[in-house]
Amino acid sequence: MKPTYILSFICLSCFSICADAGLYRWVDANGEVQYSDVIPPSVAPQGHRELDGQGMTIKTVPAPPTPEEIAEKKRKETLEKLKAEKENEQQQRDTYLLSNYASVAELEAVFKSKLELLDKNTKTMQERRDSLKTRIDTAKKQLEGLKKASQRKTLESYLSEAEATLVSYDHALEENQTEHESLSQHYEKDKARLAELLSASSSSPHPDPSATPATPRAEPAHQ
């Protein structure tokens, strides 16, 4: 029998089977298309098609995702979540800025006020720290000349507490320095953003101070 006749016979046989009952179509491990009226259990959970009596697809069961596809999906979901959170944070920040500042000048005045208060606190703390350090140095010199055990014990106890307090002062001064830098960074960002928001809109939700007492919103936590 010629190859053409064989191919025609196979096609006619397939359509004959389709006419009598439904078929399943899938691609095996070798990449070859397979047809059967009963799908093997090992193939059922994999990708395949269910055909009607005319050989038309009536249901498609997709192949399960590969580990790479699952990982890529999770990565995209994470990126979308982070993007949504970032947009929400920006919306909150924008609302805060427009609700509390009618101009960049107002923002600058508040920033300078916060900075002056922080600098004053830092100066006071630095003076106390330096004074304590002087007393500690003096006490250490006194300790060298003491002979009585009771006096040495009393002075050593004082030095232990004073040096612990000195460490606390140093930590607090470091925190103030960090806060100073953070305030400056956020101010520059907020100033640019507020200028952008005000220029993009002719009206601001900030209440008219001559008509309604201003009620500042709580400032969103900086990330």
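How many residues lie between β3 and β4 in their hairpin, and which residue in the turn has a positive phi? Five residues separate the two strands. The turn residue with a positive phi is G55, at about 80 degrees. These values come from a predicted model.

The protein contains four helices and four strands. Along the sequence, these elements follow the pattern α-β-β-β-β-α-α-α. Of the 223 residues in the protein, 19% are buried.

The hairpin strands were examined first. Strand β3 covers residues 48-51, and strand β4 covers residues 57-61. Their pairing is antiparallel and runs over four bridges. Within this pairing, L51 faces T57 of β4. Strand β2 spans residues 33-36 and includes V33. V33 also takes part in a nonpolar surface patch, together with V27 and Y35. The patch amounts to about 260 Å². V33 has a relative accessible area of 38%. It can belong to the patch because this value makes V33 partly exposed and the residues of a patch must have over 30% relative accessible area.

The helices supply the main nonpolar packing. In soluble globular proteins, nonpolar side chains tend to be buried together. The largest nonpolar core here holds twelve residues. From the earlier part of the sequence come Y96, L97, L98, Y101, L107, F111, L115 and L118. The remaining members are L183, Y187, L194 and L197. Three elements each give two or more residues to this core: α2 (67-100), α3 (104-145) and α4 (149-200). A separate core has eight residues, including I136, A139, L143 and L166.

Two aromatic pairs were found. Y96 and Y101 form an edge-to-face pair. Their ring centres are 6.1 Å apart, with 80 degrees between the planes. Y96 has a relative accessible area of 7% and is therefore buried. Y101 is buried as well, at 6% relative accessibility. F111 and Y187 make up a stacked pair. Here the centre-to-centre distance is 4.0 Å, and the planes differ by 10 degrees. This pair links distant parts of the chain. F111 belongs to helix α3 and Y187 to helix α4, 76 residues apart. Both F111 and Y187 are buried. The four aromatic residues Y96, Y101, F111 and Y187 are also members of the twelve-residue core.

Charged contacts were considered next. Eleven salt bridges were counted. One of them joins the side chains of R93 and D190, with an N to O distance of 2.4 Å. R93 is in helix α2 and D190 is in helix α4, so this contact ties together parts that are 97 residues apart in sequence. R93 has 10% relative accessibility, so this residue counts as buried. D190 is likewise buried, at 9%. Both ends of this salt bridge are therefore buried, R93 as well as D190.

A salt bridge also connects R129 and D130, at 3.8 Å from N to O. The burial of its two partners is mixed. R129 counts as buried at 18% relative accessibility, whereas D130 is partly exposed at 34%. The dividing value is 20%, because buried means under 20% relative accessible area.

E156 and R152 form a further salt bridge. Their closest N and O atoms are 3.8 Å apart. The two residues lie four positions apart in helix α4, so about one helical turn separates E156 from R152. E156 is partly exposed, with a relative accessible area of 40%. R152 is also partly exposed, at 27% relative accessibility. Finally, D94, R193 and E196 are linked in a network of salt bridges.

Taken together, helices α2 and α4 are connected by the R93 and D190 salt bridge. Helices α3 and α4 are connected by the stacked pair of F111 and Y187. These three helices each give two or more residues to the twelve-residue core.

Note on methods: Residues numbered from 1 in each chain as written. Predicted model: local features only at pLDDT ≥ 70, side-chain atom pairs only at ≥ 80, totals over all residues. Heavy atoms only, no water. Patch = residues over 30% accessible without salt bridge, like charges linked within 9 Å, V, L, I, M, F, W, Y side chains within 5 Å. Areas by Shrake-Rupley, 256 points an atom, 1.4 Å probe, with all protein chains shown as cover. Salt bridge = Lys/Arg side-chain N within 4 Å of Asp/Glu carboxyl O. Buried < 20%, exposed > 50% of the residue type's maximum accessible area, 1.4 Å probe, protein only. Pairing = 2+ DSSP bridges. Core = buried A, V, L, I, M, F, W, Y, C linked by side-chain atoms within 4.5 Å. Phe/Tyr/Trp six-rings, centres within 6.5 Å; stacked < 30°, edge-to-face > 60°.
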